[in-house]
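Let's go through this fold by question and answer. The structure comes up here.

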Amino acid sequence: MYTVLVIDDSPSMRRIIKDMINSIDEFEVVCVATDAYDAREKIKEYEPDLVTIDINMPKMDGVTFLRNLMRLHPMPAVVISGESVRGNDIFDDGAVGFIPKPETGESMNSFQERIKDTLLNLTFLLKRYTLKKPPALKKNPKSSSNIEFKIHPDEVIPLKAAIFPGIKLIAIGSSTGGVESLLKVFRRLPAGLPPILITQHIPYGFSNSFAHRLNDNSEVIVCEAKDGMILERGHGYLAPGNMHLTIEKYANEYRTKLLDTKKVSQHKPSVDVLFRSVNNAVGGSAMAIMMTGMGDDGTIAMKELHDNGAYTVAQNEESCVVFGMPMKAIQAGAVKDIVHLDEIADYIIEFSKGRRK
């Protein structure tokens, strides 16, 4: 059963959409919201599997809310709106579906069938998203089934730090706020840079589309990483939303290796796992960048990289959406330079030219 939050300022439309979704066996509307601010609190409270969003809403329009949602709390979102003119653009904003509201003369049965067809076609994505989503606050926090123990990277990938530096490459870790921040960085990156590896905390089903967005907005050729890809200059590799991204050396080549194991530092993909594998493969020749995000994923392995001679950088507090992961890395003594988001691309370019070590 997939849970749904319906967001619409019209009481009658909320009731219609709720009843239509509840008529689908696999779906249940657990709450409704009248505007973006109401929805924000109910998403925190109920952690639904899917939200439906109207575009014309008071206080904050649906497009702005959708963009903020994808930036701060990426999750499956379907736009149900009369603003059909935005139908194509809405997917660029992060929606996974668009359903125009009934046109004049259209029967409610036809509208209901369109809703049903769209939602049933999304079950493959929702199934994968629900495996990774956090527990709802409505659950009993004292229940032992809701306790998530923090797994150390040693349990997934042993530390075997490279003694001799390998090829130059850049590894980036990010979480909350990272989607838009990464786009801002990649828009300024030129072609021909050393390979770039990215672990962004993002649900499965969103990572591939996000890799396409990075690719479309940069000279770097970006893809969602697959197992066994040879690292190439000018290319970027984004961790899939349900797998750890690592690299290994094979003769004179470096290849991606995906690990379908337990979460590390409460995440899968984990920045700690990526950074640990980079240290094992190339050691001091790497550049590691810690960007905006909540928690401390990446701190352990970034300190190891720092101590092995790698060039380590953290985003500064001023430009972070959440100054969590960078702050923890700084406090651990794992960071050489602290830079503004607007400067990260320049630092990457300078590192590629040997001017930053």
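Q: Which residues does Ala329 touch, not counting residues up to four places away in sequence?
A: This is a predicted model, where local features need pLDDT of at least 70, side-chain atom pairs count only at pLDDT 80 or more, and totals for chains, interfaces and linings use all residues. Residues are numbered from 1 along each chain as its sequence is written, and side-chain values use heavy atoms, with hydrogens and water left out. Contact means heavy atoms within 4.5 Å. On that basis the partners of Ala329 are Met290, Thr299, Met302, Ala334 and Val335.

Q: Is Ala329 buried or exposed?
A: Ala329 sits in helix 11 (residues 325–331). Helices (H or I, at least four residues) and strands (E, at least two) are DSSP runs, numbered from the N terminus. Buried means under 20% relative accessible area, exposed over 50%, partly exposed in between (1.4 Å probe, protein chains only). Ala329 has a relative accessible area of 0%, so Ala329 is buried.

Q: How does Gly354 count by relative accessibility?
A: Gly354 lies in the segment after helix 12. Its relative accessibility is 31%, so Gly354 counts as partly exposed.

Q: What is the C-alpha to C-alpha separation of Gly354 and Lys168 in space?
A: Along the sequence, Gly354 and Lys168 are 186 residues apart. In space, C-alpha to C-alpha, their separation is 9.7 Å.

Q: In what order do the seven strands of the open sheet run?
A: Two strands pair if DSSP finds at least two bridges between them. The pairing in this sheet is parallel. The strand order is 8-9-7-6-12-13-14.

Q: Which are the edge strands?
A: An edge strand here pairs on one side only. Those strands are strand 8 (221–224) and strand 14 (337–339).

Q: Which residue in strand 13 stands opposite Ala288?
A: Strand 12 (residues 286–290) pairs with strand 13 (residues 311–315) in the parallel sense, over four bridges. Opposite Ala288 stands Thr312.

Q: What angle does the direction of helix 12 make with that of strand 12?
A: Helix 12 (residues 341–352) packs on the sheet and touches strand 6, strand 12, strand 13 and strand 14. Axes are lines fitted to C-alpha atoms, for helices over the stretch in contact, and angles run from 0 to 180 degrees between N-to-C directions. For helix 12 and strand 12 the angle is about 175°.

Q: Why is helix 1 oblique to helix 5?
A: Angles under 35 degrees count as roughly parallel, over 145 as roughly antiparallel, 65 to 115 as roughly perpendicular and the rest as oblique. The axes of helix 1 (residues 11–22) and helix 5 (residues 108–121) come within 10 Å and cross at roughly 60°. That crossing angle therefore makes helix 1 to helix 5 oblique.

Q: How many nonpolar residues are in the contact of helix 1 with helix 5?
A: Met13, Ile16, Met20 and Ile21 in helix 1 meet Met108, Phe111, Gln112, Ile115 and Leu119 in helix 5. Ala, Val, Leu, Ile, Met, Phe, Trp, Tyr, Cys and Pro count as nonpolar, Asp, Glu, Lys and Arg as charged, and the others, Gly among them, as polar. The contact has one polar residue and no charged residues, and the nonpolar ones number eight.

Q: How many charged residues are in the contact of helix 7 with helix 8?
A: Val179, Glu180, Leu182, Leu183 and Phe186 in helix 7 meet Phe210, Arg213 and Leu214 in helix 8. Six residues are nonpolar and no residues are polar; the charged ones number two.
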